[in-house]
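Please open the model in your viewer and keep the sequence panel beside it. The tour below moves from one selection to the next and says what is to be found at each stop.

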Amino acid sequence: MAMTEAINLQHKVGQGISPQQFMERMQVREMINSGIPNTVERFLEIYHRFHALDSGRRKMFTSTGERLGLRCLILCTDWCPDVIWNVPVLFRVMEQCGLPVEVLVMEEHLETMDLFLTDGGRAQPVGVFVDRNGDVLGQWGARPAYIQQVMDDFKASRPDRQSPSYQEQLNQVYRDIGNLYLDGDRYQDVILQELDVLFHSFV
């Protein structure tokens with residue numbers, strides 16, 4: 001989404017790690033509810049299987065990036081299932097468009113993460129787009145909107161966190177979200193559509 005308040009992150013540029021470093025440092029984890037038996041294998045599978053951007057979209061992303069000096073800062077960790085699904089896509093898009101990208105590991109940059117909360121929580125990943133001056137132009141994350149809606153609906157139902165069934169209800173939500181990610185490339189197509197809208201807002 002586009003930003004409404006002015007935020008400058010010039011002091012953070014160069015403070016992160018490269019996509020390659022992030023992938024090399026990932027720990028193997030099992031996330032059963034999210035349909036991820038091995039986080040590293042799933043991450044790399046998505047990364048290597050990502051299809052090439054169509055020429056029109058790539059040209060638009062690239063020209064916008066060059067005009068504004070765009071850079072993408074991704075706030076994330078390797079223990080969140082949405083990171084496993086979405087960050088490989090962000091890496092590949094930035095790579096194909098020649099846009100510089102670096103990862104700000106969330107625990108090491110909490111003061112920055114707290115500038116980009118989702119419903120008051122530290123939902124990740126968040127891809128933050130800054131111009132050549134470090135001014136934040138917009139952000140994407142933590143999930144494609146139609147997948148985020150599943151969590152929003154759950155929270156809107158006001159489940160009692162103290163209820164004995166709360167954790168199982170939450171686990172079911174994670175299973176539902178995992179199934180949406182597992183439903184082919186639809187979620188990746190939606191990410192690209194949402195990035196389209198975001199890049200067109202960078203004026």
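Begin by selecting D119, which sits in the loop between helix 5 and strand 3; bear in mind here, and at every later stop, that this is a predicted model. The phi angle of D119 is near 50 degrees, a positive value in a residue other than glycine. Most residues other than glycine have a negative phi. With a relative accessible area of 59%, D119 is exposed, because the cut-off for that word is over 50%.

Stay in this loop and move along to P125, which is also placed between helix 5 (110-113) and strand 3 (126-130). Display the backbone atoms of Q124 and P125, and you will find that a cis peptide bond joins the two, with omega at about 5 degrees. A second bond of this kind can be found by selecting G141 and A142, which are joined by a cis peptide bond with an omega of about 0 degrees. A142 belongs to the loop that runs between strand 4 (136-141) and helix 6 (145-156). As a general background to both stops, most peptide bonds are trans.

Now zoom out and colour the protein chain by secondary structure, which should show eight helices and four strands. Followed along the sequence, these elements come in the order α-α-α-β-α-β-α-β-β-α-α-α. Computed along the principal axes is how one might frame the view, and the C-alpha atoms then fill a box of roughly 55 × 35 × 30 Å. The radius of gyration of the protein chain is 17 Å, which agrees with the value near 17 Å that a compact globule of 203 residues would have. Buried residues make up 50% of the 203 residues. Of the contacts between residues at least 6 apart in sequence, 77% join residues at least 24 apart.

If you switch on a surface, the accessible area of the protein chain comes to about 10,100 Å², and 49% of this belongs to carbon and sulfur atoms. Colouring by charge would pick out 19 positive and 28 negative side chains, and the centres of these two sets lie 3 Å apart.

Next, select helix 2, residues 39-49, and within this helix R42. Is R42 buried or exposed? Its relative accessible area is 15%, and R42 is therefore buried. Show the side chain of R42 and follow it to the backbone oxygen of G35, which it reaches at 3.1 Å. Leaving aside residues up to four places away in sequence, R42 touches G35, I36, P37, I84, W85 and L182.

R42 is one of the buried residues of helix 2, which also include T39, V40, F43, I46 and Y47. To see what covers these buried residues, display helix 1 (19-25), helix 4 (81-97), helix 7 (166-182) and helix 8 (186-200), which are among the covering elements. At the N-terminal end of helix 2, look for N38, which caps the helix with a side-chain oxygen 3.1 Å from the backbone nitrogen of V40.

Move on to helix 3, residues 55-68, where R67 is the next selection. R67 is partly exposed, with a relative accessible area of 47%, and its contacts beyond four places in sequence are with R132 and F202. A distance drawn from the C-alpha of R67 to that of V93 should read 17 Å, for two residues that are 26 apart in sequence.

M60 lies in helix 3 as well, but this residue is buried, with a relative accessible area of 16%. Which residues does M60 touch, not counting those up to four places away in sequence? They are D196, F199 and H200. M60 and D196 are 136 residues apart along the chain, and their C-alpha atoms are separated by 8.6 Å.

For the last stop, go to the segment before helix 1 and select V13. V13 is partly exposed, with a relative accessible area of 23%. Beyond four places in sequence, V13 touches R71, E102 and V130. A line from the C-alpha of V13 to that of L104 spans 9.5 Å, although these residues are 91 apart along the chain.

Note on methods:
Residues numbered from 1 in each chain as written. Predicted model: local features only at pLDDT ≥ 70, side-chain atom pairs only at ≥ 80, totals over all residues. Heavy atoms only, no water. Helix = DSSP H or I, 4+ residues; strand = E, 2+ residues; numbered from the N terminus. Rg over C-alpha atoms; globule rule 2.2 N^0.38 Å. Buried < 20%, exposed > 50% of the residue type's maximum accessible area, 1.4 Å probe, protein only. Contact = heavy atoms within 4.5 Å. Areas by Shrake-Rupley, 256 points an atom, 1.4 Å probe, with all protein chains shown as cover. Lys, Arg positive; Asp, Glu negative; His and termini not counted. Charge placed at Lys NZ, Arg CZ, Asp CG, Glu CD. Polar contact = N/O pair within 3.5 Å; in protein donor to acceptor, adjacent residues only side chain to side chain.
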